[in-house]
Amino acid sequence: MRTPIIAGNWKLHNTRDQAIALSTGIKSQTSDVTDVEIVVAPVFTALNAVADALRGSSIKVAAQNCYPQAQGAFTGEVSPQLVEDIGCNYVIIGHSERRQLFGEDDAFINRKVHALAETGLGTILCIGETLAERESGQMFNVLRRQVCEGLKGLGIESMVRVVIAYEPVWAIGTGKTASDQQAQESHAFIRSLLDELYGAQVAGATRILYGGSVKPDNVDGLMAQPDVDGALVGGASLKPADFVRIIKFQKV
Ligand code: PEP
């Protein structure tokens, strides 16, 4: 009912030529995949080339960030409209690296949510608790705040293009993955929040991805959880064989 998404976040990696090679390699090794939506998120400088290289395939392209204005005196920023103009399909927003390293808060991320809703782009909204928040019993409060503030004021009609990525900060790039049960618990909670905010139909239709050290050897268990609808993959998405194996997760 919810088509799984496997998305690769390449972060600050790959020259233009490396990005083209990686994307065309993924394309050729996944031509038999019809039941999974594949997304790759290169750096801005490679977006255009990757979008061109993947044109005509079913693989979608995401930007890793955007600024919540269409145009103007915002030196160094890129708008959703410009990202859409070069053939991208999604923008990742609220990644924990942007929250932690660049000081982005829920209010700013909410402005991006609204800016993206003005375009035809999909939104991949990342949320997730730190280890300190989890260990101090704040996890559910943090997730509630990030979902409610992040989606504040967004009309139900825009939810069809919103994907949530649950990424516990302690699992990103650390090699520590949430257990299948921990992921399911958080995903079920996030879905219950969507139910509170938008009702059962939206809650049942919204894809919730898990992110945090997803690898070939843990993807199958995670994807077997009823509320895990895909994965946002960092490190392993840079290794073609690993990423393709994650895309071709086994139903257990
Ligand atoms: C990410 O950057 O979103 C991520 C989940 O990274 P990794 O898979 O490397 O933990």
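Val142 is where I will start, and the question is whether this residue is buried or exposed. With a relative accessibility of 6%, Val142 counts as buried, because buried means under 20%. Please keep in mind that this is a predicted model. Val142 is part of helix H7, which runs over residues 139–150. Which residues does Val142 touch, once residues up to four places away in sequence are not counted? They are Gly128, Glu129 and Glu133. There is also a distance to note here: Val142 and Ile127 are 15 residues apart in sequence, and their C-alpha atoms are 8.8 Å apart in space.

H7 comes up again with helix H5, so I will go there next. H5 covers residues 106–117, which makes 12 residues. From its first C-alpha to its last, H5 reaches 16 Å, close to the 16 Å expected at 1.5 Å a residue. Which residues of H5 are buried? They are Asp106, Ile109, Asn110, Lys112, Val113, Ala115 and Leu116. For reading such a list, remember that an α-helix has 3.6 residues a turn, so residues three or four places apart point the same way. In H5, Ile109, Val113 and Leu116 are among the buried residues. What do the buried residues of H5 pack against? Two strands are on the list, E4 (90–93) and E5 (122–127). The helices on the list are H3 (80–85), H4 (96–101) and H7.

Now to helix H2, residues 44–54. Here the buried residues are Ala46, Leu47, Ala49, Val50, Ala51, Ala53 and Leu54. Their cover includes helix H1 (16–29), and also strands E2 (37–41) and E3 (60–63). After H2 comes Gly56, with a positive phi near 90 degrees.

Strand E2 holds the next residue, Val40. The relative accessible area of Val40 is 1%, so Val40 is buried. What does Val40 touch, leaving out residues up to four places away in sequence? Its contacts include Val50 and Leu54, and both of those are buried residues of H2. Other contacts of Val40 include Gly8, Trp10, Ile26, Val61 and Phe243. Along the chain, Val40 and Ala7 are 33 residues apart, yet 5.6 Å separates their C-alpha atoms.

Next, the ligand. How many residues surround the ligand? There are 14, and the closest are Lys11, Glu167, Gly173, Ser213 and Gly234. Sorted by class, the shell has four nonpolar, eight polar and two charged residues. Several polar atoms of the protein can be placed against oxygen atoms of the ligand. From Asn9, a polar side-chain atom lies 3.3 Å from a ligand oxygen. From Gly173, a polar backbone atom is 2.6 Å from a ligand oxygen. From Gly235, a polar backbone atom is 2.8 Å from a ligand oxygen. Taken alone, the ligand exposes 300 Å², and the protein buries 97% of that.

Two of the closest residues deserve a look at their backbone angles. Most residues other than glycine have a negative phi. Lys11 is not a glycine, but its phi is positive, about 50 degrees. Lys11 sits in the loop between strand E1 (5–9) and H1. Ser213 is not a glycine either, and its phi is positive at about 55 degrees. Where is Ser213? It is in the loop between strand E7 (208–211) and helix H10 (219–223). Because its relative accessibility is 8%, Ser213 counts as buried.

That brings us to H10, where Asp220 is found. Why does Asp220 count as buried? Its relative accessibility is 14%, and the cut-off for buried is under 20%. A polar atom of the Asp220 side chain lies 2.9 Å from the backbone nitrogen of Gln250. Setting aside neighbours within four places in sequence, Asp220 is in contact with Arg245, Phe249, Gln250 and Val252.

The last residue is Gln225, in the loop between H10 and strand E8 (230–233). Gln225 is buried too, because its relative accessible area is 16%. Without counting residues up to four places away in sequence, Gln225 touches Asp180 and Gln184.

Note on methods. Residues are numbered from 1 along each chain as its sequence is written. This is a predicted model: local features need pLDDT of at least 70, side-chain atom pairs count only at pLDDT 80 or more; totals for chains, interfaces and linings use all residues. Side-chain values use heavy atoms; hydrogens and water are left out. Buried means under 20% relative accessible area, exposed over 50%, partly exposed in between (1.4 Å probe, protein chains only). Helices (H or I, at least four residues) and strands (E, at least two) are DSSP runs, numbered from the N terminus. Contact means heavy atoms within 4.5 Å. A residue is near a molecule or strand if one of its heavy atoms lies within 4 Å of it. A polar contact is a pair of N or O atoms within 3.5 Å; within protein, one must be able to donate a hydrogen and the other to accept it, and residues adjacent in sequence count only if both atoms are side-chain atoms. Accessible areas come from the Shrake-Rupley method with a 1.4 Å probe; for residues, only the protein chains shown count as cover. Ala, Val, Leu, Ile, Met, Phe, Trp, Tyr, Cys and Pro count as nonpolar, Asp, Glu, Lys and Arg as charged, and the others, Gly among them, as polar. The expected span of a helix is 1.5 Å times one less than its number of residues.
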